[in-house]
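Student: I'd like to go through this one with you, starting with its contacts and then its overall build. Can we take it step by step?

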Amino acid sequence: MTVDELDTRILRLLLEQPRTSVREYARILGVARGTLQARLDRMERDGVITGTGPSLSPAALGHPVLAFVHIEVTQGHLDDVGDALAAVPEIVEAFSITGGGDLLARVVGRDNAHLEDVIQKLISLPGVVRTRTEVALRERVPHRLLPLVESLGRAARL
């Protein structure tokens, strides 16, 4: 999907002021509420906007340890292992990857001992051959999309 300058302005507002009403967004942008709603509906339908819920902090929820776990899987068991990972609450994301491993999971823990317990649980899953864990020390660039949206907006103006 191509985003134009108005879409970019809408996305910027959603990212910067996520708790504002559609009516207020329309006022800020100087467009009709119906126009704004139609744009939002289209971007949701096209998968640009994927959620509207709050962003939560695992650390504030008592899980300050973050690790990235590379998981090597027995051939033919990728879907089974992926389904099993979804049942582990400390796994907050998992991706199929290329390179060293088959899956990459973002895992949180209460402390290092808890993280080890979670990794041991992963190792015991049927189809898991081995894991390799990298513990994050400090977040240097938080999850963000605004710079990408702004880049798209600049491209749309050209």
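Student: Of the contacts with a separation of 6 or more, what share comes from residues 24 or more positions apart?
Tutor: Keep in mind that this is a predicted model. A contact here needs heavy atoms within 4.5 Å. Taking the contacts in the protein with a separation of 6 or more, the share from residues 24 or more positions apart is 68%.

Student: Which elements does the chain run through, from the N terminus on?
Tutor: The tally is six helices and four strands. Lined up from the N terminus, they read α-α-α-β-α-β-β-α-β-α.

Student: What is the radius of gyration, next to that of a compact globule of 158 residues?
Tutor: Start with the spans: the C-alpha trace covers about 55 × 35 × 25 Å along its principal axes. A compact globule of 158 residues would come out near 15 Å, whereas the protein has a radius of gyration of 20 Å.

Student: How many Å separate the centres of domain 1 and domain 2?
Tutor: The domain assignment puts domain 1 at 5-54 and domain 2 at 58-136. Taken over C-alpha atoms, their centres are separated by 35 Å.

Student: What percentage of the residues is buried?
Tutor: Look at the surface before the inside: about 10600 Å² is accessible, and carbon and sulfur atoms hold 52% of that. Buried means under 20% relative accessible area. Of the 158 residues, the buried part is 27%.

Student: And the charges, how far apart are their mean positions?
Tutor: There are 19 positive and 21 negative charges to place. Average each set, and the two mean positions lie apart by 10 Å.

Note on methods. Residues are numbered from 1 along each chain as its sequence is written. This is a predicted model: local features need pLDDT of at least 70, side-chain atom pairs count only at pLDDT 80 or more; totals for chains, interfaces and linings use all residues. Side-chain values use heavy atoms; hydrogens and water are left out. Helices (H or I, at least four residues) and strands (E, at least two) are DSSP runs, numbered from the N terminus. The radius of gyration is taken over C-alpha atoms; the globule rule is 2.2 Å times the number of residues to the power 0.38. Buried means under 20% relative accessible area, exposed over 50%, partly exposed in between (1.4 Å probe, protein chains only). Accessible areas come from the Shrake-Rupley method with a 1.4 Å probe; for residues, only the protein chains shown count as cover. Lys and Arg count as positive and Asp and Glu as negative; His and the chain ends are not counted. The place of a charge is taken as NZ of Lys, CZ of Arg, CG of Asp or CD of Glu. Domain bounds come from an automatic or database domain assignment.
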